Amino acid sequence: MKMVKVDIWSDVACPFCYIGKRNFERGVQMLEGEQDIEVNFRSFQLDPSAPVTTKDSVHDMLVKKYGMPLAQAKEMNQNVTQTAKQAGLRFDLDNVVLTNTMDAHRLSHFAKQQGKMNDVIEALLCAYFVEGKHVGDLSVLASIGEQAGLDKNAVRDMLAGHSFKAEVNKDQEDAKAIGMTGVPFFVINDTYAVSGAQPPEVFANALRDVTEKEKLSQDAVCTDAHRCE
């Protein structure tokens with residue numbers, strides 16, 4: 001079975017990152033075990049300067065960011081909610097608690113060390129978009145870590161310092177280096193990129209295409225050298 005590596009840049013505060021994650025997972029399911037897929041989540045902050053605590057709603061944020069009327073902002077969020085529903089997700093954007101996502105990303109890197117990164121990413125996205133939890137609050141993050149199978153006290157100790165901040169920043173520097181301007185962003189085997197919350201079929205086809213192209217390339221090398229090592 002062919003091993004395929006997928007790096008996924010995303011932010012906990014990005015609704016399309018959750019939608020894209022779910023569509024990607026459905027795309028993988030469509031392959032029915034054709035590939036052995038290794039997923040690695042990479043950190044990206046839509047607004048690194050965001051405060052940890054604010055009274056603004058997600059609607060207020062759009063009004064301030066784009067200068068649109070409140071009614072238009074609410075309509076945009078309703079459309080996002082409908083898109084999420086099509087992916088099997090039930091967003092509650094009215095109760096989203098805006099915050100800075102640095103500590104949430106630090107938690108995901110801590111979880112990676114223990115093989116729990118995907119579990120933590122899923123729990124963080126659900127907490128933010130479905131459950132209306134404050135994912136910038138350290139006690140909430142500790143509980144999310146525990147929910148995903150991490151030691152709660154170990155999570156608290158890690159969050160109390162500055163561990164994994166460098167890793168979060170490195171992911172964002174890598175994103176800039178490859179010209180990334182938004183998330184979600186998927187890079188397959190370091191060569192093939194898929195941008196945005198694409199339908200499951202797009203992800204399935206992209207994964208198949210990468211495998212097929214690499215197979216053809218390998219076959220060409222083997223034919224030229226008369227052997228494969």
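The legends below accompany close-up views of a predicted model.

**View 1. Helix 4 against helix 5.** Helix 4 covers residues 102–112 and helix 5 covers residues 117–129, and the axes of these two helices come within 7 Å of each other and cross at roughly 155 degrees. Because angles over 145 degrees count as roughly antiparallel, helix 4 is described as roughly antiparallel to helix 5. The crossing of this pair is right-handed. On the side of helix 4, the contact is made by Ala104, Leu107, Ser108, His109, Ala111 and Lys112, and these meet Met117, Val120, Ile121 and Leu124 of helix 5. Sorted by class, the residues of this contact comprise seven that are nonpolar, two that are polar and one that is charged.

**View 2. Helix 5 against helix 6.** Helix 5 also packs with helix 6, which runs over residues 138–147, and here the angle is about 130 degrees while the axes lie 9 Å apart. That angle makes helix 5 oblique to helix 6, and the crossing of the two is right-handed. Ala123, Leu124 and Ala127 are the residues of helix 5 that take part, and they meet Leu141, Ile144 and Gln147 of helix 6. This contact holds five nonpolar residues and one polar residue, with no charged residues. Leu124 of helix 5 may be followed from the previous view into this one, since that residue is listed in the contact with helix 4 and again in the contact with helix 6.

**View 3. Helix 6 against helix 7.** The axes of helix 6 and helix 7 are 8 Å apart, and the two helices pack at an angle of about 140 degrees. Helix 6 is accordingly oblique to helix 7, and helix 6 passes helix 7 in a right-handed crossing. Leu138, Leu141, Ala142, Ser143, Gly145 and Glu146 come from helix 6, whereas Lys152, Val155, Arg156 and Leu159 are contributed by helix 7. The classes represented in the contact of helix 6 with helix 7 are five nonpolar, two polar and three charged residues. Ser143, which belongs to helix 6, has a relative accessibility of 33% and therefore counts as partly exposed. For orientation along the chain, Ser143 and Lys85 are 58 residues apart in sequence, and their C-alpha atoms are separated by 26 Å.

**View 4. The largest nonpolar core and its best-connected members.** The largest nonpolar core has 50 residues, and the members that touch the most other members are Val6, Phe91, Leu107 and Leu124. The element that gives the most to this core is helix 5, with nine residues. A second core, separate from this one, is made of nine residues, among them Trp9, Phe44, Phe185 and Val187. Apart from neighbours within four places in sequence, Val6 is in contact with Phe24, Ile37, Glu38, Val39, Asn40, Phe186, Val187, Ile188 and Leu207.

**View 5. The surroundings of Phe24 in helix 1.** Phe24 lies in helix 1, which spans residues 15–30, and with a relative accessibility of 5% this residue counts as buried, because buried means under 20%. When residues up to four places away in sequence are not counted, Phe24 touches Val6, Ile8, Ile37, Val39, Phe186, Phe203 and Leu207. Phe24 and Ala204 are 180 residues apart in sequence, yet their C-alpha atoms are 7.8 Å apart in space.

**View 6. Backbone features in three loops, at Phe164, Pro184 and Asn189.** Most residues other than glycine have a negative phi, and most peptide bonds are trans. Phe164, in the loop between helix 7 (152–160) and helix 8, has a positive phi near 75 degrees, and at 14% relative accessibility Phe164 counts as buried. Pro184 is found in the loop between helix 8 (165–177) and strand 3 (185–188), and the peptide bond leading from Val183 to Pro184 is cis, with omega near 5 degrees. Asn189 sits in the loop between strand 3 and strand 4 (192–195). Although Asn189 is not a glycine, its phi is positive, at about 50 degrees, and this residue is buried, with a relative accessible area of 14%.

Definitions and conventions. Residues are numbered from 1 along each chain as its sequence is written. This is a predicted model: local features need pLDDT of at least 70, side-chain atom pairs count only at pLDDT 80 or more; totals for chains, interfaces and linings use all residues. Side-chain values use heavy atoms; hydrogens and water are left out. Axes are lines fitted to C-alpha atoms, for helices over the stretch in contact, and angles run from 0 to 180 degrees between N-to-C directions. Helices (H or I, at least four residues) and strands (E, at least two) are DSSP runs, numbered from the N terminus. Angles under 35 degrees count as roughly parallel, over 145 as roughly antiparallel, 65 to 115 as roughly perpendicular and the rest as oblique. A crossing is left-handed if the near helix is turned anticlockwise from the far one by less than a right angle, and right-handed if clockwise. Contact means heavy atoms within 4.5 Å. Ala, Val, Leu, Ile, Met, Phe, Trp, Tyr, Cys and Pro count as nonpolar, Asp, Glu, Lys and Arg as charged, and the others, Gly among them, as polar. A nonpolar core is a set of buried Ala, Val, Leu, Ile, Met, Phe, Trp, Tyr and Cys residues joined through side-chain atoms within 4.5 Å. Buried means under 20% relative accessible area, exposed over 50%, partly exposed in between (1.4 Å probe, protein chains only).
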